[in-house]
Amino acid sequence: GFLLYGTTLLYTGFFFGVALAKGERPFSSEVLNRVVFRHVLILALLTALNGLAFQFAAAWVDGDLSQLLANLALPQIAFFERIIVRRVYIRWRLSLVGLIVVFAGILVGSVSSLHKMLHGSGGEASDPWYMVMLFIVSTTFSALEQVFQDRAFCNPIIKRNEISVLAWYNLLSLPIYVASFFLEAVPYLNGTTQASTIAASVTNQGGAFRCFGLHPTDDAVAAGGCQVDVEGVFWGRFGPLFWPLVFCIGYAASFSFNAVLIKKKGVLFPNLIGAGVQLLSSVVFMLPFIASGAYAVPFSVWPIAGFVIIIAGIWMRGDPNRDGLLINQ
């Protein structure tokens, strides 16, 4: 629905802006050629499949479990990197040990989440096996997307215009997202156990645009589907507009930086860094002056310990460029 195609349209605009600011020419004949767009179309398809699988599964999979499952992308990236990019590590034993240490850090950092999952209680529809499997499938699409992006950067034209390629393949994923809105009528895929109608799905799209434009319908406000607190602080009054824009800016900045790292260091390196950053970011919710009430998380030393172990594992593997660990066959 709107959360896919609406945000994609926004951050695609940011990607084009970043590309132009960087001095790239996203609309030049150099970028708009058959070879480049063969890579772009593959990436657009994988991006759309990843987005759809994640959206359908996320509503049913517990947050702690989804955080753990997301790390399954790492071993898949390491596997696909070898067979698709054909990259091998000269010091492969050290690289493997470092990778194992990173996984140990992820497990150590997830002790609190594992404890909560094992001793918590979920609802009747919590974590159905088929949605857990769909979430895992989404990690496969995510891994493939990044590995094919790494392969695309072997092309010198794409290597000079990596943000332009990001912009184009996200833009071309948009038609798939728009065409999929009718799936909101399908039970379970719409986040509920009840079927709906395509007409209701169309109505929901209009309601989403009105909410984003800060003019929600009375029904949407009453149902809690669009929360606009006219008496509240800035992000309460403008929340439906403000937070999607914050997400899109953060997404564009994150993926632009990730693309640069993939180009310079290979696809596995930024994902190892990301695993550590993800653990460290969870510490933010332990700070009472940032998160309070229902969003507050009790202090735990495990994420900090996990982050330190992950950094140690990355240090053991070394800098892919500096230490000459990477060769393409």
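A residue counts as buried when its relative accessible area is under 20%, as exposed when that value is over 50%, and as partly exposed in between. With this scale in hand, Trp60 is a good place to start: its relative accessible area is 8%, so Trp60 is buried. The model examined here is a predicted one, and every value below was computed from it.

Some overall figures set the scene. The chain contains 15 helices and two strands. Of its 329 residues, 42% fall in the buried class. The accessible surface amounts to about 17300 Å², and carbon and sulfur atoms account for 69% of that area. Sequence-distant contacts are also well represented: among contacts between residues at least 6 apart in sequence, 80% join residues at least 24 apart.

Aromatic rings come next. A pair of such rings is described by the distance of the centres and the angle of the planes. Searching the whole structure gives 14 aromatic pairs. One of them joins Trp60 and Tyr188 in a tilted arrangement, with 5.3 Å from centre to centre and 40 degrees between the planes. Trp60 belongs to the loop between helix H2 (34-58) and helix H3 (63-70), while Tyr188 sits in the loop between helix H9 (162-179) and helix H10 (198-212), so this pair ties together parts that are 128 residues apart in sequence. The two partners can also be placed on the accessibility scale: Trp60 is buried at 8%, whereas Tyr188, at 32%, is partly exposed. The backbone of Tyr188 deserves a glance as well, since its phi is near 75 degrees, a positive value in a residue other than glycine.

A second pair brings together Trp129 and Tyr130, here edge-to-face, with centres 5.7 Å apart and 80 degrees between the planes. Trp129 is exposed, with a relative accessibility of 65%, and Tyr130 is partly exposed at 35%. Ring pairs also build a cluster, whose members are Tyr11, Phe15, Phe247, Tyr251 and Phe255.

What does the side chain of Gln146 meet in a polar contact? The partner is the side chain of Asn271, at 2.9 Å. Gln146 lies in helix H7 (residues 129-152) and is buried, its relative accessible area being 11%. Leaving aside residues up to four places away in sequence, Gln146 touches Ile77, Asn258, Ile262, Val267 and Asn271; Asn271 is thus both a touching neighbour and the polar partner.

Asn271 also serves as a reference point for Leu261. The C-alpha atoms of Leu261 and Asn271 are separated by 9.6 Å, with the two residues ten places apart along the chain. Leu261 is part of helix H13 (residues 239-265) and counts as buried at 16% relative accessibility. Beyond residues up to four places away in sequence, Leu261 touches Gly266 and Pro270.

Finally, the surface carries a nonpolar patch of about 500 Å², made by Phe299, Val301, Trp302, Ile304 and Val308. Within this patch, Val301 is found in the loop between helix H14 (268-282) and helix H15 (302-317).

Note on methods: Residues numbered from 1 in each chain as written. Predicted model: local features only at pLDDT ≥ 70, side-chain atom pairs only at ≥ 80, totals over all residues. Heavy atoms only, no water. Patch = residues over 30% accessible without salt bridge, like charges linked within 9 Å, V, L, I, M, F, W, Y side chains within 5 Å. Areas by Shrake-Rupley, 256 points an atom, 1.4 Å probe, with all protein chains shown as cover. Salt bridge = Lys/Arg side-chain N within 4 Å of Asp/Glu carboxyl O. Helix = DSSP H or I, 4+ residues; strand = E, 2+ residues; numbered from the N terminus. Phe/Tyr/Trp six-rings, centres within 6.5 Å; stacked < 30°, edge-to-face > 60°. Buried < 20%, exposed > 50% of the residue type's maximum accessible area, 1.4 Å probe, protein only. Polar contact = N/O pair within 3.5 Å; in protein donor to acceptor, adjacent residues only side chain to side chain. Contact = heavy atoms within 4.5 Å.
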